[in-house]
Amino acid sequence: MCGIVGYIGPKEAVPILLDGLKKLEYRGYDSAGIAVLKDNKIQIKKRKGKIVKLENLLEKGAPKGNIGLGHTRWATHGKPNNLNAHPHNGCNSEIVVVHNGIIENYMPLREKLISEGHNFISETDTEVLPHLIESNYQNDLTLAVKESIEEIEGSYAIGVISTRDPGKIVASRCGSPLIIGVGEGEMFLASDIPAMLNYTNRVIFLEEREIATITKDGVKIVDSKGKILEKEIINIEWDVEMTEKSGYKHFMLKEIFQETMVIRNNLEGRINLTANFLELSEISFPLKNIKEIEKIFILACGSSYYTALVGKYIFEELTGIPVEVDYSSEFRYRKILLGKKDLTILISQSGETADTIAALRACREAGSYILALTNVRGSTISREADSVMYIKAGPEIGVATTKAFIGQLMSLYILSLYFAQVRNTINHTEIKKIIFELIKLPQLVEIVLLKEPEIIKLSEEFFNYHNFLYLGRGINYPIALEGALKLKEISYVHAEGYPAGEMKHGPIALLDKTFPTVAIVPKDKVYTKVINNIKEVKARDTLVLALATEGDKEISNIVDRVFYMPQTLDILYPILSVIPLQLFAYHIANKLGCDVDKPRNLAKSVTVE
Ligand code: F6R
């Protein structure tokens, strides 16, 4: 959570900081602020609320200067207000810090610093940092930062500037991402790549506890022991257009409409169409080991956990390998029972989710091979995993995930099919059949997207309800969970996802005519079972919207509204069923006037526990 930007070079810092902050607003939008260093003075401007509030403030008079830091906050310690907004400074406004993460031992540090005469004005954990650096400062900012971070416990990504040691930004990270952008005679600092794509796509990823001293001409990076490091500059393939709305009202809508492209990206280079064969050169897991896997653990959070649940169905169906799925946040505190021949798969769009990183490290300690599915090259998870399969969604800016969900599902299909091929668990004709249907998917998704007007009409009909039940069974049960999550997180309408067969064990008590049900009921092997469940719902006077397969006449006699999806294989329906649910949530939220891309209390990557 929280976004950090920094600039040092020949240009005015404020416009660059503001531009970067806007690109990072998905990381948090409780408050925003900037600090600019010029002529031995640091000016700080900050405002509660979204970045536009800070922008309005700066229009009345922005500080001038070529070195600066910016921050957009997702509040953890201390409520969102002007005082708690970053940047924070020490007693004499000589040392200024922006911080992402949580300093767990901030209370004893704060008491110690107060007893030494330091004066605190905010409720944040962050404020200990400038005071600590101030108290450790002799004549070198980098050294003072190094000594200070040795005293703190918790997670951090920080940017520090000082009038005592001007001409540099000192940065460090532990548990929160931080990236340095390399320009021509100018340098950048940011929590995430989109913040600097307007200026450079050459970046250096800081590793845990490394400390960077950034000047306009370059960067010196040392490890926690002070050893100078030679770091690779990586060229990022993303471009700035990918981070714009491109005419769509919201990023979320743009990203839903990019889903056909995401599917194509995932198929490209991974399927040999002449031989109907999967080629997954990006996975370094030896073939021999794939043959010997006894169990797979898939770990993830939020929506990524739901794709993991779909993954369980696919892997078990195609490869016969038993799969256990868990929330990273739960798994990391369980007794870890990983066998030598077990594989761990981590799924994380951002590659920076704190609990998933912790789960990765716990699995590493248990000796497991770790395969990560992620969207972000250079992210912590991509760097710490043994193998990475990129989900190829491109930058996802909308806080609620959509296209990355599709990218994750596609990667899981391809990966499990590849494992099935290696392990010979399904024959070549079946592989060929699935490949054929996978290749048809972009076309089928196009058909679903073209039916957006139908979804708009449905959202007009349903947007006034306060509660929804989403039902699915088998491989579509996780999609019911995802449909409900999408609705609640962006429209603040209560929605519950449930396995259709379980509904009569409790939730059915909730149902009446004020509580509509969305049922995912494709013509698959559990079709008749779900139909029976829907009849149970209908008997309670409940309005039912069904997602069904084109040509299913029977369903229209049972439910109130039907959205038809094209026909596909049973295992591929999650792709076609989740998209109308994403659109349904989007249009309801939009009708309710919600800020779809920046839902309240949420942030895109959850880098705190
Ligand atoms: C919901 C959503 C979140 C994320 C979750 C995990 O729309 O986006 O639930 O799926 O925070 O994030 P990643 O995949 O980045 O680990």
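These legends walk through close-up views of a predicted model. Local features need pLDDT of at least 70, side-chain atom pairs count only at pLDDT 80 or more, and totals for chains, interfaces and linings use all residues. Residues are numbered from 1 along each chain as its sequence is written, and side-chain values use heavy atoms, with hydrogens and water left out.

**View 1. Meet the neighbours of the ligand.** The ligand has 14 residues around it, where "near" means that a heavy atom of the residue lies within 4 Å. Those that come nearest are Ser-304, Ser-348, Ser-350, Thr-353 and Glu-489. By type, the shell holds four nonpolar, eight polar and two charged residues (Asp, Glu, Lys and Arg count as charged; Ala, Val, Leu, Ile, Met, Phe, Trp, Tyr, Cys and Pro as nonpolar; the others, Gly among them, as polar).

**View 2. Polar contacts with the ligand.** Look for pairs of N or O atoms within 3.5 Å. A polar side-chain atom of Ser-348 is 2.6 Å from an oxygen atom of the ligand. For Lys-486, a side-chain N or O atom lies 2.9 Å from a ligand oxygen. Thr-401 takes part through a polar backbone atom, 3.0 Å from an oxygen atom of the ligand.

**View 3. Between two domains.** Domain 2 (255–438) and domain 3 (451–591) both give residues to the shell, so the ligand lies between them; the domain bounds come from an automatic or database assignment.

**View 4. A cis peptide bond.** His-86 and Pro-87 are joined by a cis peptide bond, with omega about 0 degrees. Pro-87 sits in the loop between strand S4 (67–73) and strand S5 (88–89); strands are DSSP runs of E, at least two residues, numbered from the N terminus.

**View 5. A positive phi.** Asn-40, a residue other than glycine, has a positive phi near 60 degrees. Find Asn-40 in the loop between strand S2 (31–38) and strand S3 (41–48).

How values were computed
Polar contact = N/O pair within 3.5 Å; in protein donor to acceptor, adjacent residues only side chain to side chain. Helix = DSSP H or I, 4+ residues; strand = E, 2+ residues; numbered from the N terminus.
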